Amino acid sequence: MLFSCNEFFSFAMDFSDSSSRLSSLAVGERLCAAFIPLVAITETLMFAISNCFGCHPPPKKHLYRSKDLARLAEESRFTINDVEALYELFKKLSSSIIDDGLIHKEELQLALFKTPYDENLFLDRIFDLFDEKKNGVIEFEEFVHALSVFHPYAPLEEKMDFAFRLYDLTQTGFIEREEVKQMVIAILSESGLGLSDDLLEAIIDKTFEDADADGDGKISKDEWKDFVIRHPSLLKNMTLPYLMDITTVFPSFIFNSEFEE
């Protein structure tokens, strides 16, 4: 059985000065360390969303165009009622700092990390992936499209692509060693954890040995897909169970809404 990420880091730090012991670590444990940022982001996103679902706002009535809801439902894994519920969540997030019907980076950071202004590499990557139009804000349609990737019914292909783009910091179409290292260092810093430089380099070395099939020093999309297929636990947190039936989790989203035909 694979270690949890926290267990692995405790284990790794205990042996941080023993590079010879690294070869005894299971591949899955090394991958957990190298790709912990994705796990951390999705778990935090799940927690933030569940908190929003648990905070019942005062009853409000909102008008929607049924055809717009139906279109978004068709473009995603959500039902029309789910899309309506997501709109209520979107409005809660998009009005936390600037009440303009758009989610700004500071508002997403406030939801995920409880502070709106600190520099955060993973937040930048998540925001960039949600911001399909690259106009510096997240619109409701973009919000639905991005969360659809985390739906339990979303195909593995979509989840793999999202995770790949998350690590492709420079958008070259490849995951390069330095990009993985930056993400790992950033999440370690954010979590108050630390690894020796030698152990960090060794973990990334072993990861690339397994993932970089042609040995060119970078991971292509095809190599990434093969890699994830061999190690499916890497994407286990790319699924948010709360998205399966939002209206059951928070039925007042639906009961306090009205539709405009």
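1. In this predicted model, F143 touches L86, L89, F90, L93, I103, F130 and I138, leaving aside residues up to four places away in sequence. F143 is also, with L86 and W224, among the residues with the most contacts inside the largest nonpolar core, which has 56 residues. In soluble globular proteins, nonpolar side chains tend to be buried together.

2. Overall composition of the fold: the chain holds 14 helices and two strands. Of its 261 residues, 47% count as buried. Contacts between residues 24 or more positions apart make up 67% of those with a separation of 6 or more. The exposed area of the chain is about 12700 Å², and carbon and sulfur atoms supply 52% of that area.

3. Helix α11 covers residues 197–211. With 15 residues at 1.5 Å a residue, α11 should span 21 Å, and because its end C-alpha atoms are 21 Å apart, the model agrees with the expected value. The buried residues in α11 include L199, L200, A202, I203 and I204. Further along the helix, T207, F208 and A211 are buried too.

4. Which residues of α12 are buried? They are E223, W224, F227 and V228. These residues cover an arc of only 130 degrees around the axis, so they sit on the same side of α12. D222 and I229, on the other side of the helix, are exposed. W224 thus appears both in this buried set and among the residues with the most contacts inside the largest nonpolar core.

5. A salt bridge joins D210 and R230, with the closest N and O atoms 2.8 Å apart. D210 belongs to helix α11 and R230 to helix α12 (residues 221–230), so the pair ties together parts that are 20 residues apart in sequence. R230 counts as partly exposed because its relative accessibility is 43%. Elsewhere, R177, K181, E201 and D205 are joined into one network by salt bridges that share partners.

6. The count of salt bridges comes to 13. One of them is formed by the side chains of E158 and R77, at 2.9 Å from N to O. This pair links distant parts of the chain, 81 residues apart: E158 is in helix α9 (residues 156–167), and R77 is in the loop between α4 (66–74) and α5 (80–94). What is the relative accessible area of E158? It is 28%, so E158 is partly exposed. R77 also counts as partly exposed, at 30% relative accessibility.

7. S148, in helix α8 (residues 140–148), contacts R77 as well. Apart from residues up to four places away in sequence, S148 touches S76, R77, F78 and A154. S148 is buried, because its relative accessible area is 2%, and the cut-off for buried is under 20%.

8. Helix α7 (residues 121–130) contains both partners of another salt bridge, R125 and D128, which lie three residues apart, about one turn of the helix. Their closest N and O atoms are 3.4 Å apart. Is R125 buried or exposed? R125 counts as buried because its relative accessibility is 6%. D128, by contrast, has a relative accessible area of 26% and is therefore partly exposed.

9. F122 lies in helix α7 as well. At 2% relative accessibility, F122 counts as buried. Its C-alpha atom is 10.0 Å from that of Q182, with the two residues 60 residues apart in sequence.

10. Backbone points to check by eye. Most residues other than glycine have a negative phi. K134, which is not a glycine, has a positive phi of about 55 degrees. K134 is in the loop between α7 and α8, and at 52% relative accessibility it counts as exposed.

11. Q171 is a further residue other than glycine with a positive phi, near 55 degrees. Q171 is located in the loop between α9 and β1 (175–176). Where the cut-off for exposed is over 50%, Q171 counts as exposed because its relative accessibility is 58%.

Key:
Residues are numbered from 1 along each chain as its sequence is written. This is a predicted model: local features need pLDDT of at least 70, side-chain atom pairs count only at pLDDT 80 or more; totals for chains, interfaces and linings use all residues. Side-chain values use heavy atoms; hydrogens and water are left out. A nonpolar core is a set of buried Ala, Val, Leu, Ile, Met, Phe, Trp, Tyr and Cys residues joined through side-chain atoms within 4.5 Å. Buried means under 20% relative accessible area, exposed over 50%, partly exposed in between (1.4 Å probe, protein chains only). Contact means heavy atoms within 4.5 Å. Helices (H or I, at least four residues) and strands (E, at least two) are DSSP runs, numbered from the N terminus. The expected span of a helix is 1.5 Å times one less than its number of residues. A salt bridge is a side-chain nitrogen of Lys or Arg within 4 Å of a carboxyl oxygen of Asp or Glu. Accessible areas come from the Shrake-Rupley method with a 1.4 Å probe; for residues, only the protein chains shown count as cover. The arc is that of the directions from the helix axis to the C-beta atoms.
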